[in-house]
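Biologist: I would like to go through the charged side chains of this protein with you. Could you put the structure up first?

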Amino acid sequence: MWSTSLFNYQEIDLITTTYKKKSLGQHFLNDFMIAERIVSSVEIDSKSSIIEIGPGDGSITKWIYDSKPNRGILIEIDTRLIQDLKINYPEFQIINEDVCEIHLSKLLKDPKEKFIVLGNLPYNVSTRILEHLIDHRDSIERMVLMFQKEVGDRICSKLRTKDYGRLTLLAQEFFNTETLFVIRPSSFTPRPKIDSVVILFSKREQPLINLEDRRTYDNIVKLVFSNRRKMIRRSLKAMYDDEKLKEVFLRTGIEPSKRPEELTIQEFADLSNVIHSLK
């Protein structure tokens with residue numbers, strides 16, 4: 001394994017401060033023990049196909065490389081970092097693009113191949129990247145991703161909590177989510193103002209729900225959580241008339257006075273399926 005004694009922390013701080021670009025939300029991990037812990041959590045072996053999103057200065061990449069996976073793909077949007085990545089990790093494929101513009105299925109070499117995805121995601125686009133990865137879940141086996149703690153709490157939250165919302169439902173429909181550990185600001189250069197959290201996403205064999213129409217479901221979830229203090233009946237009145245809603249609540253058995261954080265993902269699916277059937 002890589003030894004932390006091989007690295008000059010002052011040089012790393014200088015490099016990361018030089019390369020840091022505010023518009024990209026970059027915070028480079030400078031704690032190599034945490035980097036090793038992130039990589040070890042996904043159990044890489046010689047058969048693994050790895051994608052790292054936003055390798056930056058390579059603090060996590062070093063441990064991935066040393067694990068000797070079958071394939072390594074680094075996706076880095078910052079052109080200034082590409083040359084160093086090519087020099088330091090010549091056996092890895094390096095892609096200088098926005099990950100949200102990439103169809104992961106096109107990177108597969110074999111229909112049976114699945115990716116393990118790792119990444120210290122930029123705070124300002126972390127939700128967008130997660131949604132893109134979920135859209136491309138058929139190419140993914142599992143993920144270990146880093147988020148600002150506030151976003152991580154929403155991803156892993158439970159029913160009837162303040163963090164329970166649209167992002168919770170989206171992530172947990174397709175993945176089992178587990179918070180692995182929290183990272184303090186001192187582990188980054190430059191230091192963020194908030195804690196970060198590392199989350200393990202393990203792909204479910206089957207999604208939690210079956211939907212008649214994804215668009216109807218998405219619209220309902222977005223609408224009620226944009227008015228999370230309101231009863232769901234009052235929120236849904238913006239889209240559906242009273243007679244239709246009366247029939248919906250009768251068929252689903254859902255109490256119309258409930259608020260969004262009180263509904264399970266299955267209850268949201270039931271609402272969506274019944275509403276779609278009444279169109």
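Biologist: In which helix do arginine 251 and glutamate 247 lie, and how many residues apart are they?

Modeller: Please note that this is a predicted model. Both residues belong to helix α10 (residues 242–252), where they are four residues apart, about one turn of the helix. Their side chains meet in a salt bridge, at 2.9 Å from N to O.

Biologist: Are arginine 251 and glutamate 247 buried or exposed?

Modeller: Arginine 251 is partly exposed because its relative accessibility is 48%, and glutamate 247 is also partly exposed, at 29%.

Biologist: How many salt bridges are there in the whole structure?

Modeller: The search finds 14. One of them joins aspartate 195 to arginine 184, with the closest N and O atoms 2.4 Å apart.

Biologist: Where in the chain do aspartate 195 and arginine 184 sit?

Modeller: Aspartate 195 is in the loop between β8 (188–189) and β9 (196–203), whereas arginine 184 is in the loop between β7 (175–183) and β8. The two are eleven residues apart, and the pair links distant parts of the chain.

Biologist: Changing topic, which residues form the positive surface patch?

Modeller: Lys230, Arg233, Arg234 and Arg259 form that patch.

Biologist: Where is arginine 233 placed, and why does it count as partly exposed?

Modeller: Arginine 233 lies in helix α9 (residues 232–236). Arginine 233 counts as partly exposed because its relative accessibility is 33%, and that class runs between the cut-offs of 20% and 50%.

Definitions and conventions: Residues are numbered from 1 along each chain as its sequence is written. This is a predicted model: local features need pLDDT of at least 70, side-chain atom pairs count only at pLDDT 80 or more; totals for chains, interfaces and linings use all residues. Side-chain values use heavy atoms; hydrogens and water are left out. Patches are made of residues with over 30% relative accessible area and no salt bridge: like charges are joined within 9 Å, nonpolar side chains (Val, Leu, Ile, Met, Phe, Trp, Tyr) within 5 Å. Accessible areas come from the Shrake-Rupley method with a 1.4 Å probe; for residues, only the protein chains shown count as cover. A salt bridge is a side-chain nitrogen of Lys or Arg within 4 Å of a carboxyl oxygen of Asp or Glu. Lys and Arg count as positive and Asp and Glu as negative; His and the chain ends are not counted. The place of a charge is taken as NZ of Lys, CZ of Arg, CG of Asp or CD of Glu. Buried means under 20% relative accessible area, exposed over 50%, partly exposed in between (1.4 Å probe, protein chains only).
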